[in-house]
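Visitor: I would like to learn how to read a strand and its partners. Where do we begin?

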Amino acid sequence: QVQLVESGGDLVQVGGSLRLSCTASGGFLEIRSMGWYRQAPGKQRELVASIGGDGSTYYADSVKGRFTISRDSAKNTVSLQMNSLKPEDTAVYYCNGDIRTWVLFHAYWGQGTQVTVSS
């Protein structure tokens with residue numbers, strides 16, 4: 001059973017930093033891409049950043065220059081370094097992985113970790 005487990009969410013003041021981590025475990029053959037989504041109260045879940053197997057990255061415009069996504073393929077881990085945090089970054093952050101267990105790739109999700117930015 002594939003599992004994604006996040007850590008690192010916390011309460012932080014405006015301008016502060018946090019680092020989120022996510023580790024994939026269980027029986028799988030390959031991880032293609034990994035990413036971070038977030039969902040604020042009353043809003044839809046949105047893609048924050050993603051990283052492909054080739055190291056290519058994507059960032060939402062709202063986090064460009066402040067967030068950095070990285071990946072350790074040997075440890076099946078993806079991290080999100082978040083700097084210069086703003087109140088609008090407050091959300092539950094979810095790890096996502098495009099993972100192949102046999103023939104096809106499927107999307108797997110973590111349980112979410114709360115990030116709260118207080119002013």
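Guide: Keep in mind that this is a predicted model. Begin with one facing pair: Tyr93 stands opposite Thr113 of β11.

Visitor: In what sense do β9 and β11 pair, and over how many bridges?

Guide: The pairing of β9 with β11 is antiparallel, over three bridges.

Visitor: Which way do β2 and β11 run, parallel or antiparallel?

Guide: Parallel. Strand β2, residues 11-13, is joined to β11 by three bridges. Take Val12 as an example: its bridge partner in β11 is Val117.

Visitor: Now the side chains. Which residues along strand β11 point to one face, and which to the other?

Guide: Strand β11 covers residues 113-118, and its side chains alternate. Thr113, Val115 and Val117 point to one face and are buried. Gln114, Thr116 and Ser118 point to the other face and are not buried. So Thr113, the residue opposite Tyr93, is on the buried face, and Val117, the partner of Val12, is there too.

Visitor: Next, disulfides. How many does the count come to?

Guide: A disulfide is called when two cysteine sulfur atoms lie within 2.5 Å. By this rule there is one disulfide. Cys22 is joined to Cys95, with an S to S distance of 2.1 Å.

Visitor: Which parts of the chain does the pair link?

Guide: Distant ones. Cys22 is in strand β3, residues 18-25. Cys95 is in strand β9, residues 91-100. The two cysteines are 73 residues apart.

Visitor: What is the handedness of the link between Cys22 and Cys95?

Guide: Left-handed, with -80° about the S-S bond.

Visitor: Are Cys22 and Cys95 buried or exposed?

Guide: Both Cys22 and Cys95 are buried.

Key: Residues numbered from 1 in each chain as written. Predicted model: local features only at pLDDT ≥ 70, side-chain atom pairs only at ≥ 80, totals over all residues. Heavy atoms only, no water. Helix = DSSP H or I, 4+ residues; strand = E, 2+ residues; numbered from the N terminus. Buried < 20%, exposed > 50% of the residue type's maximum accessible area, 1.4 Å probe, protein only. Pairing = 2+ DSSP bridges.
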